[in-house]
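Visitor: I'd like to learn how to read a few features off a model. Could you walk me through some?

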Amino acid sequence: MSGNIAFVFLSLITLFTSTVSAACLDYEKNVKLSGYLEISVFFGVPGFGEDPKTDRREIKNILFLDEPVCANSSDNGDAEKEQIEVTLETDESHGAPNLDQYVGKHITVIGKLTHALTGHDHTSLILESVQLSETDSEAMARIERKPVLDAVRLVAVELAGQTVRIKVSRLNVSDDWAVLMGELVAPDGSTLDWSLAKDCNEDLDKMLWSVLNKSTGQWKIKEINICASEPPYWYLKDSELTMSCGVYKGLDSMTEGVEFADLAQRCEAVKASGVAKGDHVKINQVEVTPPFTDQQKRMMLIQFQQFQKAVKDKDVATIKSFIIFPAVWDVLYFWPEEKANPPGKLTVELFDKYSKSIVEDMSLLSGIKLDPDKMTMTEFRVNALTPEEQNRKYISADDVVNENIYYYLEKGDKHFVNGTCDDISNVEFSDTGLIAYAGSGSNHQLPGLSELCEHQAIFDFEFIDGKLRLKDRTFAG
């Protein structure tokens with residue numbers, strides 16, 4: 001155990017050292033930056049905050065970076081270190097993008113780096129003539145992730161015959177086309193009752209495959225299979241690669257002569273060469289980004305244990321250090337009812353104001369049992385039944401009006417009770433880090449209806465440069 005801890009500690013030092021020694025940016029050159037966009041309002045002339053009643057308001061687009069950056073000293077600006085915020089400035093004469101639609105979302109942008117010059121600049125670093133990085137498919141997938149999932153979930157629930165949660169293994173988005181891959185599970189993460197699903201063999205592997213197209217601002221399903229026994233894209237012919245090539249990224253071909261070749265590269269080659277339909281282009285095997293190593297997974301679990309301790313101790317400062325602000329956040333559970341228009345993101349100011357409610361919302365996460373050495377995660381469940389109630393045998397009353405009715409026998413008499421819900425929490429690895437769940441689920445012994453019990457807050461943690469960061473909190477159920 002001590003050896004593993006030492007190994008992880010040394011790895012953390014290595015990661016930190018490599019981050020600090022990364023090359024700094026140069027002023028007056030185009031750079032590419034990624035992060036979450038936030039609109040900030042600052043006091044301007046005449047007093048710059050000294051007289052809020054008369055001072056003008058200056059609205060700025062601030063990019064909260066995924067990781068800190070530094071800038072080299074030059075005639076164009078002073079050296080800067082550990083900068084996490086950059087002001088984005090667009091140029092209307094060069095087809096400037098409308099950044100308003102990306103507020104609270106993750107984006108990648110390209111622009112010329114400059115240094116603050118006047119009191120109207122509120123961050124040390126400025127990115128001028130900003131353009132969205134249209135070639136960054138990951139940024140686009142982040143932006144469209146929720147609407148794509150919502151569209152797929154609506155159809156998947158009908159096909160599965162029950163409430164589902166989607167575990168995403170890949171989401172590619174390009175030019176109004178999207179491919180979503182993964183699997184369907186129950187809201188608590190357990191296996192679905194596949195006997196309820198349409199056209200699904202309970203004994204075969206089950207993969208979720210869905211193709212979507214965006215029309216009039218809405219994602220619409222073009223193809224979906226909730227229980228594919230093997231990847232549907234394995235045997236695609238060149239003539240069938242009709243979508244934008246970006247949506248095929250990372251998908252492997254099993255076609256003879258191009259085994260495990262990336263379909264995106266094959267698609268580009270087909271369109272570039274104009275080969276005849278039905279023919280295939282042979283492309284060398286490409287390297288696919290591997291999943292997290294065991295060492296990285298242990299590091300994530302160790303840091304999640306630190307987060308759990310902070311939640312248990314109500315250590316607001318430590319919890320705050322885990323969050324990427326502004327975070328996409330479902331704020332309805334703490335937003336005052338008398339206030340309209342709840343924001344869709346959690347800012348530093350909102351966290352500070354409502355930290356008590358936010359920490360309470362996370363309380364169930366502290367009960368999840370983790371073993372970083374074995375990389376195991378055990379669900380935490382608070383049984384709603386007392387020890388006396390757990391000793392009873394409950395039988396469905398088969399009430400056609402109320403399916404939530406059960407009874408138990410005591411001294412020959414039937415005693416009727418309602419199904420009930422347990423408080424539960426769990427965590428699992430995702431393609432970008434960890435996803436934690438905290439909410440309720442049907443009691444195993446006296447199960448309440450799924451529509452009454454299956455509700456969960458979903459906390460999405462991303463592993464960035466060796467650090468576990470909480471990027472959003474959504475709600476399902």
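Here is a short chat about a helix, a residue and some strands.

Guide: Ground rules: this is a predicted model, where local features need pLDDT of at least 70, side-chain atom pairs count only at pLDDT 80 or more, and totals for chains, interfaces and linings use all residues. Residues are numbered from 1 along each chain as its sequence is written, and side-chain values use heavy atoms, with hydrogens and water left out.

Visitor: How far apart are the end C-alpha atoms of helix α6?

Guide: Helices (H or I, at least four residues) and strands (E, at least two) are DSSP runs, numbered from the N terminus. The expected span of a helix is 1.5 Å times one less than its number of residues. In α6 (residues 348-361, 14 residues) the end C-alpha atoms are only 17 Å apart, short of the 20 Å of a straight helix.

Visitor: Where is the kink in α6 centred?

Guide: A bend is the angle between axes fitted to the seven residues ending at a residue and the seven starting there. Here the kink is about 85°, centred on tyrosine 354.

Visitor: Is histidine 115 buried or exposed?

Guide: Buried means under 20% relative accessible area, exposed over 50%, partly exposed in between (1.4 Å probe, protein chains only). Histidine 115 sits at 12%, so it counts as buried. Its home is strand β4 (residues 106-115).

Visitor: How many residues of strand β21 are buried?

Guide: 10 of the 10 in β21 (residues 433-442), so the strand is largely enclosed by the rest of the structure.
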